[in-house]
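Here is a walk through one protein model. Please look over the sequence and the structure before reading on.

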Amino acid sequence: MILDKLVAATKARLARQKQQKPLEMVKREALALPTDKKFPFEQALKQQDINFICEVKKASPSKGIIVENFPYLDIAREYEAAGASAISVLTEPDFFLGSDQYLQEIAQNVDIPVLRKDFTVDEYQIYEAKILGASAVLLICAILSENELKYFMQIADSLGLSCLVEAHDAAEIETALRCQARIIGVNNRNLKDFSVNVENSLKLRPLVPENIIFVSESGLQTPQDIQKLRDHNVSAALIGETFMRAPDKTLELARLYGNPAKTQVKICGITRPADIDILNTVQPDYAGFVFAGMSRRYITPAKAEQLIKKLSPQIQKVGVFVDEQSAVIENLVRNLPLDVVQLHGNEDEATVQRIKQTTKAKVWKAVRVKNSGDIDKWQDSSADMLLFDTYSKDSYGGTGEIFNWQLLQNIKRPFILAGGLNTQNIARAIRTCRPYGVDISSGAETDYIKDKRKIKQLMLTIRKVDNHDYR
């Protein structure tokens, strides 16, 4: 059987490695590293209605060489930009042509968790995974005893690593549950003969409690497959070959995920004629002009008026104000003119209502999010839109940092998402939060200047995620 050959090859490889670098040396090196007991791999698989673990894999025993050209770092970065929740990296060298180097370099170059995909048969590999930068390891029930599973999971826990415990049938699911696995993956591929049956994970799904992360692995190729997983409350899909063969990872993930809504885009902090030229080319939905003197993106009303005259009429103008006098806001709305007033300071509900009554502009209220209470107190506001941004005691926006998007899960109304959005996380942000729109400022800049390349890439990614054409 193929699985037996894989295990034998792994044990032989480990025997050679232990001669060069003994277990105690590897263990000592791993234990000296920082430990993240928040278990980021698990957190990543709880973010969206269906999360994608995208696999970096050059070959497999069943398919042979999947891709001849294998720029593994570029592939990993593409996955991150496409909105993957995590990345799986094959490190098994004999049958999958994997490498520890792939894992180590990828973990150093992406901000999402990385799973070491290998055939774990020895504690040596778990300590090794920690050193390489992995956030999780794969434990396969079919090749480990129950005692080995428990022991390996204890080691992983002590290192801050998550365990994806892989099962193929009901008996293995029971074993994983007895071992108190927090993530259970069901492989739709039979590792004995490598045949695939996508229904396997759906059939076994009812055996796993809802509080345990459930992952469907292998053979997933169509939006219909993914919708079936959603219908069965599957947490995540681990996909390799489908993504590896796709020339455009963002489009492929969008195709599988499905997201018909068109995300509104606001590019904020416009200050130069060159910025207007960029916006007129890429056509976002909104352009933001900051009239708050403490901001490095502050613009005078006179200069804003000059720029607005050159702005494409299809792009709506948003004025951003921080604790400004109502009369000043009303004057600028009328004279520039502005389509939207964004209140980004400590304004109260009475101020929101007053601006709505005295101007024809829409009113957005920015909420700086530190905890769920910050969101809850504005749920019933009369503001036309709430904009959620990162909290900072020293800043009213433009921090370049994201906040905990999970706080938005219970929001009852459409909203705009802001705070630290950039080319690496915009796809993941849209899929995780399902916002009406996104507000991008520092993520569209290089050295505080609007960057045409970044803005074009942001717009391209957003429209791909939305399944809308973009030229």
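Which residues in helix 6 are buried? The model is a predicted one, and in it helix 6 covers residues 123-132. Its buried residues are Glu 123, Tyr 124, Gln 125, Ile 126, Tyr 127, Glu 128, Ala 129, Lys 130 and Leu 132. That makes nine of the 10 residues in helix 6, so the helix is mostly covered, with buried meaning under 20% relative accessible area.

Several elements supply this cover. Among those over the buried residues of helix 6 are three helices that come before it in numbering: helix 1 (2-20), helix 2 (23-31) and helix 5 (100-109). The cover also includes strand 5 (114-117), strand 6 (136-140) and helix 7 (146-159).

The two ends of helix 6 can be taken in turn. At the N-terminal end, Asp 122 acts as a cap, with a side-chain oxygen 2.8 Å from the backbone nitrogen of Tyr 124. After helix 6 comes Gly 133, which has a positive phi, near 105 degrees.

Now to the strands. Eight of them close into a barrel with parallel pairing, and the order around it is 1-4-5-6-7-8-9-10. From one strand to the next, the twist averages 25 degrees.

One pair from this barrel can serve as an example. Strand 1 (residues 51-56) and strand 4 (residues 86-90) run parallel and are joined by four bridges. Within this pair, Cys 54 stands opposite Ile 87 in strand 4. Helix 4, made up of residues 72-82, lies across strand 1 and strand 4. The direction of helix 4 is at about 175 degrees to strand 1.

Definitions and conventions: Residues numbered from 1 in each chain as written. Predicted model: local features only at pLDDT ≥ 70, side-chain atom pairs only at ≥ 80, totals over all residues. Heavy atoms only, no water. Pairing = 2+ DSSP bridges. Axes fitted to C-alpha atoms, helices over the stretch in contact; angles between N-to-C directions. Contact = heavy atoms within 4.5 Å. Buried < 20%, exposed > 50% of the residue type's maximum accessible area, 1.4 Å probe, protein only. Polar contact = N/O pair within 3.5 Å; in protein donor to acceptor, adjacent residues only side chain to side chain.
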